[in-house]
Amino acid sequence: GGSSRGSWSSSSDSVISTDSVNPYRVVLLGAGGVGKTAFACIFSGAADSMDSDDCELCGGKDSEIHVDGEAATITLLDTWDNDGECAQECYMQSGDAFLLLYSITDRSSFLRASELRITLRRLRPAQHTPIILVGNKCDLVRRRQVSTNEGRTCAAIFDCKFIETSAAMQHNVWEAFHGIVRQLRLRRDSKDA
Ligand code: GDP
């Protein structure tokens, strides 16, 4: 007997309009355990599918997000602190923008963020690179080791934006992604001008 495979063939055209031909490469930097994977999963889960069980696969995919009524395509790159200097430096040189994460419950991760900022400045001198310093895990109020003021002051010294987030509560995570897109657009528009 014959069997039908039940596959659908669709010939509908889908038109995607985005502001950028090439995706923006946004890199997650920070010490181990600060929430980079959690960020990547939120980003990937909402933009692509509801099923984000396999968090290792979350990074490195293109996703389209809408910011201020305009679509932007982003490749989110997750780095692992134990990959060694070489891999991180490679990301630093190839990224368009950076989310520099620390955990508000872990002062050593805050110091690590400072080191990473200094490395970024060394690798990308004289470039206005969009960076947001992200104090994650702000839901863990009782375990806080880094005050909001310290984070804000540090960001001012580093010449970058600042936000506190909770990946666990999905608080301000999209604000961080939207903020980085806005900074990338500001840079794009000033280049065009
Ligand atoms: P990574 O090493 O930077 O990728 O960090 P992960 O995303 O793997 O997070 C490390 C641990 O912190 C995991 O157990 C996460 O569930 C937890 N975590 C991440 N973000 C938050 C947060 O905002 N709040 C709380 N309470 N836990 C978080």
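This report describes the fold, the central strands, two helices, the ligand shell and several loop residues of one predicted chain.

The model is predicted, and for that reason local features are given where pLDDT is at least 70 and side-chain atom pairs count only at pLDDT 80 or more, while totals for chains, interfaces and linings use all residues. Residues are numbered from 1 along each chain as its sequence is written.

## Overall organisation

The secondary structure of the chain consists of five helices and six strands, where helices (H or I, at least four residues) and strands (E, at least two) are DSSP runs numbered from the N terminus. In sequence order these elements give the pattern β-α-β-β-α-β-α-β-α-β-α. Of the 193 residues, 34% count as buried; a residue is buried if 20 or more other C-beta atoms lie within 10 Å of its own, exposed if 12 or fewer, and partly exposed in between, with C-beta atoms placed from the backbone. Among contacts between residues at least 6 apart in sequence, 70% join residues at least 24 apart, a contact being a pair of residues whose C-beta atoms, placed from the backbone, lie within 7 Å.

## Strands E1, E4 and E5

Strand E4 (residues 97-103) is largely enclosed by the rest of the structure, because six of its seven residues are buried. Strand E1 (residues 24-30) pairs with E4 in the parallel sense over five bridges, where pairing requires that DSSP find at least two bridges between the strands. Within this pair, Val 26 stands opposite Ala 97 in E4. E4 also pairs with strand E5 (residues 131-136), again in the parallel sense, over six bridges; here Leu 100 stands opposite Leu 133 in E5, and Tyr 102 has Gly 135 in E5 as its bridge partner.

E5 is mostly covered, with six of its six residues buried. In a regular strand the side chains alternate between the two faces of the sheet. In E5, Ile 131, Leu 133 and Gly 135 point one way, whereas Ile 132, Val 134 and Asn 136 point the other way, and all are buried.

## Helices H3 and H5

Helix H3 (residues 107-123) has 17 residues and reaches 25 Å from its first C-alpha to its last, close to the 24 Å expected at 1.5 Å a residue, the expected span being 1.5 Å times one less than the number of residues. Its buried residues are Ser 109, Phe 110, Arg 112, Ala 113, Leu 116, Arg 117 and Leu 120. They cover an arc of only 155° around the axis, which puts them on the same side of H3; the arc is that of the directions from the helix axis to the C-beta atoms. The face of H3 turned away from this buried side carries the exposed residues Ser 108, Glu 115, Ile 118 and Arg 122.

For helix H5 (residues 173-192), the 20 residues should span 28 Å at 1.5 Å a residue, and the end C-alpha atoms are 29 Å apart, which agrees. The buried residues in H5 include Val 173, Ala 176, Phe 177, Gly 179, Ile 180, Val 181 and Leu 184.

## The ligand shell

There are 15 residues around the ligand, of which Gly 35, Lys 36, Thr 37, Ala 167 and Ala 168 come nearest; a residue is near a molecule if its C-beta atom, placed from the backbone, lies within 6 Å of it. Helix H1 (residues 36-47) gives the most to this shell, with three residues. By class, the shell divides into five nonpolar, seven polar and three charged residues, where Ala, Val, Leu, Ile, Met, Phe, Trp, Tyr, Cys and Pro count as nonpolar, Asp, Glu, Lys and Arg as charged, and the others, Gly among them, as polar.

## Loop residues

The table gives the exposure of four residues that lie in loops.

| Residue | Loop between | C-beta atoms within 10 Å | Class |
|---|---|---|---|
| Asp 68 | E2 (62-67) and E3 (70-78) | 9 | exposed |
| His 128 | H3 and E5 | 11 | exposed |
| Gln 170 | E6 and H5 | 13 | partly exposed |
| Cys 160 | H4 (148-158) and E6 (161-164) | 19 | partly exposed |

Asp 68 has a phi near 55°, a positive value in a residue other than glycine, and Gln 170 likewise has a positive phi near 55°. Leaving aside neighbours within four places in sequence, Cys 160 is in contact with Ile 131, Ile 132, Leu 133 and Ala 155. The C-alpha atoms of Cys 160 and Ser 147, 13 residues apart along the chain, are separated by 17 Å, while those of His 128 and Arg 182, 54 residues apart, are separated by 14 Å.

Definitions and conventions: Two residues are in contact if their C-beta atoms, placed from the backbone, lie within 7 Å.
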